[in-house]
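Student: I would like to go through the wording used for this model and hear what stands behind each term.
Tutor: Then look at the sequence and structure, and ask about one term at a time.

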Amino acid sequence: MINDLNKFSMDFFRLDGKVAVVTGGNTGLGQAYAVALAKAGADLVIPTYDNNWDETRVLIEAERKRVVFVQADLTKKEDRSKVINTAIDNYGKIDILINNAGTIRRTPLLEYKDEDWNAVMDINLNAVYFLSQEAAKVMVEQGHGKIINVASMLSFQGGKFVPPYTASKHGVAGITKAFANELACKNIQVNAIAPGYIKTANTAPIRADEKRNSEILSRIPAEKWADPFDLMGTIVFLSSRASDYVNGHILAVDGGWLVR
């Protein structure tokens, strides 16, 4: 037993020599995930919908890590293939995939348009499934890998005015479990992180609404919104050797929202 315990090292949390793909890693939480992985030692590929990536490049290169950006629409098969090929062409492998890219459109249920439903489901769920499937093929050949999906508090709850977002995030939780069941025996761990209420550009309108902001804070035992850096340690853990026996789990980082 003592010898087994001595095998553990803080180096288990290091990602030196690893290659991570972080979708939507140029802004918000995605940027925090990408920088955290770079700080832990990983090189990166960051697919983005636009080419607004200068700030993220500076942050990652400050850690003396490599980063390759690729402009891609993840709802398109050819662009998903471009992401996988970019990683292989530049690094020869994919150790970690973070499915962070997503969108939300708020409208009352009875007014919700078909095109808005489809747009949200395409990026939040379909892109996650198809990109994970392609990355998993590479990881199976390598004999290892980590896939981390970004779920939500609405993977557990219903919400209001966001039916496709809720459906897609429930689906992300399901995909996480389904992939985990099939890939665990291939030494590939598939998990999800479920952020609570985080200070980002997307949540600025909610935080500016005094009544809504007060309602949210009253439900959070920590009594505060999280900053993006509050999720950086979690993403490193799920990407590292330290989480090799964690599989099919949706890890909430929510200040206690779900337990109140």
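Tutor: Keep in mind that this is a predicted model. A first case is T200, which is buried with a relative accessible area of 16%.

Student: What makes T200 buried?
Tutor: Buried means under 20% relative accessible area. T200 has 16%, so T200 counts as buried.

Student: Where does T200 lie, and which residues does T200 touch beyond four places away in sequence?
Tutor: T200 is in the loop that runs between strand 6 and helix 7 (204–208). Setting aside residues up to four places away, T200 touches L29, R207 and P228.

Student: How do you know whether S243 is buried or exposed?
Tutor: The relative accessibility of S243 is 0%. The limit for buried is under 20%, so S243 counts as buried.

Student: Where is S243, and what does its side chain reach?
Tutor: S243 sits in the loop between helix 9 (232–239) and strand 7 (250–253). Its side chain reaches the backbone oxygen of S240 at 3.0 Å.

Student: Why is the S243 to S240 pair called a polar contact?
Tutor: A polar contact needs a pair of N or O atoms within 3.5 Å, one able to donate a hydrogen and the other to accept it. The distance from the side chain of S243 to the backbone oxygen of S240 is 3.0 Å, so the pair is within the limit.

Student: Which residues is S243 in contact with, leaving aside neighbours within four places in sequence?
Tutor: They are K146, Q189, F237 and L238. Of these, Q189 is 54 residues from S243 in sequence, with 8.2 Å between their C-alpha atoms.

Student: Why is helix 9 described as largely enclosed by the rest of the structure?
Tutor: Helix 9 has eight residues and six of them are buried, so the description follows. The buried ones are M232, T234, I235, V236, L238 and S239. Their cover includes helix 2 (28–39), strand 4 (96–99), strand 5 (145–150), strand 6 (188–195) and strand 7.

Student: What makes helix 2 and helix 9 oblique to each other?
Tutor: Their axes cross at roughly 60 degrees and come within 9 Å. Roughly parallel requires under 35 degrees, and roughly perpendicular starts at 65. An angle of roughly 60 degrees fits neither, so helix 2 and helix 9 are oblique.

Student: Which residues meet where helix 2 contacts helix 9?
Tutor: A32, Y33, V35, A36, L37 and K39 of helix 2 meet M232, I235, V236 and S239 of helix 9. By class, these are eight nonpolar, one polar and one charged.

Student: Why are helix 5 and helix 6 called roughly parallel?
Tutor: The axes of helix 5 (residues 114–142) and helix 6 (residues 163–183) cross at roughly 15 degrees and come within 8 Å. Angles under 35 degrees count as roughly parallel, and therefore helix 5 and helix 6 are roughly parallel. Their crossing is right-handed. Among the residues in contact are W117, L125 and Y129 of helix 5 and Y165, I175 and F179 of helix 6. The contact has 15 nonpolar, five polar and two charged residues.

Student: How do helix 4 and helix 5 pack, and at what angle?
Tutor: Helix 4 (residues 77–91) packs on helix 5 at about 30 degrees, with the axes 10 Å apart. R80, V83, I84 and I88 of helix 4 contact A127, F130, L131, E134, A135 and V138 of helix 5. Eight of the residues are nonpolar, no polar ones occur and two are charged.

Notes
Residues are numbered from 1 along each chain as its sequence is written. This is a predicted model: local features need pLDDT of at least 70, side-chain atom pairs count only at pLDDT 80 or more; totals for chains, interfaces and linings use all residues. Side-chain values use heavy atoms; hydrogens and water are left out. Axes are lines fitted to C-alpha atoms, for helices over the stretch in contact, and angles run from 0 to 180 degrees between N-to-C directions. Helices (H or I, at least four residues) and strands (E, at least two) are DSSP runs, numbered from the N terminus. Angles under 35 degrees count as roughly parallel, over 145 as roughly antiparallel, 65 to 115 as roughly perpendicular and the rest as oblique. A crossing is left-handed if the near helix is turned anticlockwise from the far one by less than a right angle, and right-handed if clockwise. Contact means heavy atoms within 4.5 Å. Ala, Val, Leu, Ile, Met, Phe, Trp, Tyr, Cys and Pro count as nonpolar, Asp, Glu, Lys and Arg as charged, and the others, Gly among them, as polar. Buried means under 20% relative accessible area, exposed over 50%, partly exposed in between (1.4 Å probe, protein chains only).
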